[in-house]
Amino acid sequence: MKILLVDDEVELVSTLAERMTMRGIDADWAQSPAQAMEKVGSEAYDLAVLDVKMPGMSGLELKRKLADIAPDMKYIFITGHGSSADFKEGSAEGSSYLVKPVALDLLMEKIREALSETA
């Protein structure tokens, strides 16, 4: 399984990717929606973990753009500032909607659940 983590908080997303890699997950990361679209255009990912609030484009908007590039990719949304409207929309468009700080064990569990939906 290959996972793409997208968050404008570079230290958070790079550390999360490193910890997932230590657990045997092929995890890559991007710090902006533009970088995420470039990566998804050149590599195949099974799932993307998207921050809901990023400068220039929300995680929900990014999901719609990435779905055009990789229609079978699954999504999990994370946020530290989400509104109830974001929660409702994110829950409808992703496999999970988690609130920061996210425990790595919980995120790993949600990733496995999302990917087992396609198995």
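In what order do the 5 strands of the open sheet come? In this predicted model, the order is 2-1-3-4-5, and the pairing is parallel. That puts strand 2 and strand 5 at the edges, each with a pairing partner on one side only. Going from one strand to the next, the sheet twists by 20 degrees on average.

Two of the strand pairs can be looked at in more detail. Strand 1 covers residues 2–6 and strand 2 covers residues 26–30; the two run parallel and are joined by 5 bridges. Within this pair, I3 has A27 of strand 2 as its bridge partner. On to the other pair: strand 3 (residues 47–51) and strand 4 (residues 74–79) also line up in the parallel sense, again over 5 bridges. Here V49 sits opposite I76 of strand 4.

Now for the helices. Helix 1, made of residues 10–22, goes together with strand 1 and strand 2 to make a β-α-β unit, and the unit is right-handed. Helix 2 (residues 33–42) lies across those two strands, strand 1 and strand 2. Relative to strand 2, helix 2 runs at about 140 degrees.

Helix 1 also has a helical partner further along the chain. Two packed helices are described by the angle between their axes and the distance between the axes. For helix 1 and helix 5, the angle is about 70 degrees and the axes are 11 Å apart. Helix 1 is therefore roughly perpendicular to helix 5, as angles from 65 to 115 degrees count as such. The residues that make the contact are L16, R19 and M20 on the helix 1 side, and L104, L107, M108 and I111 on the helix 5 side. As for handedness, helix 1 and helix 5 cross in the right-handed sense.

Finally, one loop residue is worth a look. Where does K100 sit? K100 belongs to the loop that links strand 5 (96–99) to helix 5 (104–116). Its side chain makes a polar contact of 3.0 Å with the side chain of E9. Leaving aside residues up to four places away in sequence, K100 touches D7, E9, L12, D51, I78, T79 and G80. Among these, L12 falls in helix 1, which spans residues 10–22. D51 belongs to strand 3 (residues 47–51), while I78 and T79 belong to strand 4 (residues 74–79).

How values were computed
Residues numbered from 1 in each chain as written. Predicted model: local features only at pLDDT ≥ 70, side-chain atom pairs only at ≥ 80, totals over all residues. Heavy atoms only, no water. Pairing = 2+ DSSP bridges. Helix = DSSP H or I, 4+ residues; strand = E, 2+ residues; numbered from the N terminus. Right-handed = clockwise from strand over helix to strand, strands pointing away. Polar contact = N/O pair within 3.5 Å; in protein donor to acceptor, adjacent residues only side chain to side chain. Contact = heavy atoms within 4.5 Å. Axes fitted to C-alpha atoms, helices over the stretch in contact; angles between N-to-C directions. Parallel < 35°, antiparallel > 145°, perpendicular 65-115°, else oblique. Left-handed = near helix turned anticlockwise from the far one by under 90°.
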